[in-house]
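Reader: I would like to go through this model with you and ask, for each label put on it, what the label rests on.

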Amino acid sequence: MKSGFIPSSSKDAQRAVFLDRDGCINAMVYLPDFGLVDSPQNPDQFQLLPGAAEAIRLINEMGFLAIVVSN
C-alpha cells in the first residue's frame with residue numbers, strides 16, 4: 001500500500017513556502033465591538049500589507065508554491 005509521502009529527491013516533488021495570512025499577508029483589524037485586534041471579518045476590512053504581493057511574486061519566480069494558511 002502506497003502512502004502519500006513523496007521523497008524530496010523525487011523529480012515530481014514541488015517545494016513550497018507556507019505563509020500565515022493574518023499579520024503576514026494582510027493587516028490585523030481592530031474590532032471595537034469586542035475590544036480586540038483580530039482577523040478581518042469581511043472583505044471591506046482586508047488590507048494587503050506593503051510588500052506582501054511582491055514577496056509572493058518572488059517566491060513563485062524562485063519556483064516555490066506560495067501556500068496561504070490561516071486558522
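Author: Let us begin in helix H1, where Arg 57 and Glu 61 lie four residues apart, about one turn of the helix. Please keep in mind throughout that this is a predicted model.

Reader: What makes the pair Arg 57 and Glu 61 a salt bridge?

Author: The closest N and O atoms of Arg 57 and Glu 61 are 2.2 Å apart, and the rule asks for a side-chain nitrogen of Lys or Arg within 4 Å of a carboxyl oxygen of Asp or Glu. The pair therefore meets the rule and is called a salt bridge. In general terms, side chains of opposite charge can pair when their charged atoms come close.

Reader: Why do Glu 54, Arg 57 and Glu 61 count as one network?

Author: Glu 54 also forms a salt bridge with Arg 57, at 2.5 Å from N to O, and salt bridges that share partners join Glu 54, Arg 57 and Glu 61 into one network. Glu 54 and Arg 57 are separated by about one helical turn, because they stand three residues apart in helix H1.

Reader: Are the residues of this network buried, partly exposed or exposed, and how do you know?

Author: Glu 61 has a relative accessibility of 56%, and since exposed means over 50%, Glu 61 is called exposed. Glu 54, at 37%, and Arg 57, at 36%, are each called partly exposed, because that class lies between under 20% and over 50%.

Reader: How many salt bridges are there by this rule, and which one involves Asp 22?

Author: The count comes to three, and among them is the one in which the side chains of Arg 21 and Asp 22 meet, at 3.0 Å from N to O. Asp 22 has a relative accessibility of 11% and is therefore buried, whereas Arg 21, at 28%, is partly exposed.

Reader: Why is Ser 39 called buried, given that Ser 39 lies in a loop?

Author: The label rests on accessibility: Ser 39 stands at 14%, and because buried means under 20%, Ser 39 counts as buried. As for its place, Ser 39 lies in the loop between strand E3 (36-38) and helix H1 (52-61). Leaving aside neighbours within four places in sequence, Ser 39 is in contact with Arg 21, Asp 22, Met 28 and Leu 31.

Reader: What makes the pairing of Ser 39 with Asp 22 a polar contact?

Author: The side chains of Ser 39 and Asp 22 are joined at 2.5 Å, and the distance limit for a pair of N or O atoms is within 3.5 Å. The distance therefore satisfies the limit, and the pair is listed as a polar contact.

Reader: Which residues make up the largest nonpolar core, and why are they grouped?

Author: The core has five residues, namely Leu 19, Ile 25, Ala 52, Ile 59 and Phe 64. They form a nonpolar core because such a core is a set of buried nonpolar residues joined through side-chain atoms within 4.5 Å.

Reader: Ile 25 touches Ile 56, so why is Ile 56 not called buried?

Author: Ile 56, which lies in helix H1, has a relative accessible area of 23%, and because buried requires under 20%, Ile 56 is called partly exposed. Beyond four places in sequence, Ile 56 is in contact with Leu 19, Ile 25 and Ala 66, and the C-alpha atoms of Ile 56 and Ala 66 are separated by 6.4 Å.

Reader: How do you know that the charged end of Arg 15 sits over the ring of Phe 64?

Author: The charged end of Arg 15 is 4.2 Å from the centre of that ring, and the distance limit is within 6 Å, to be met together with an angle within 35 degrees of the ring normal. Aromatic pairs, by contrast, number zero in the structure.

Reader: Where does Val 69 lie, and how far apart in sequence and in space are Val 69 and Leu 19?

Author: Val 69 belongs to strand E4 (residues 65-69), and Val 69 and Leu 19 are 50 residues apart in sequence but 6.0 Å apart in space, C-alpha to C-alpha. At 35% relative accessible area, Val 69 is partly exposed. Along the whole chain, the elements run β-β-β-α-β from the N terminus.

Conventions:
Residues are numbered from 1 along each chain as its sequence is written. This is a predicted model: local features need pLDDT of at least 70, side-chain atom pairs count only at pLDDT 80 or more; totals for chains, interfaces and linings use all residues. Side-chain values use heavy atoms; hydrogens and water are left out. Helices (H or I, at least four residues) and strands (E, at least two) are DSSP runs, numbered from the N terminus. Buried means under 20% relative accessible area, exposed over 50%, partly exposed in between (1.4 Å probe, protein chains only). A polar contact is a pair of N or O atoms within 3.5 Å; within protein, one must be able to donate a hydrogen and the other to accept it, and residues adjacent in sequence count only if both atoms are side-chain atoms. Contact means heavy atoms within 4.5 Å. Rings of Phe, Tyr and Trp (its six-membered ring) pair if their centres lie within 6.5 Å; planes under 30 degrees apart count as stacked, over 60 as edge-to-face and the rest as tilted.
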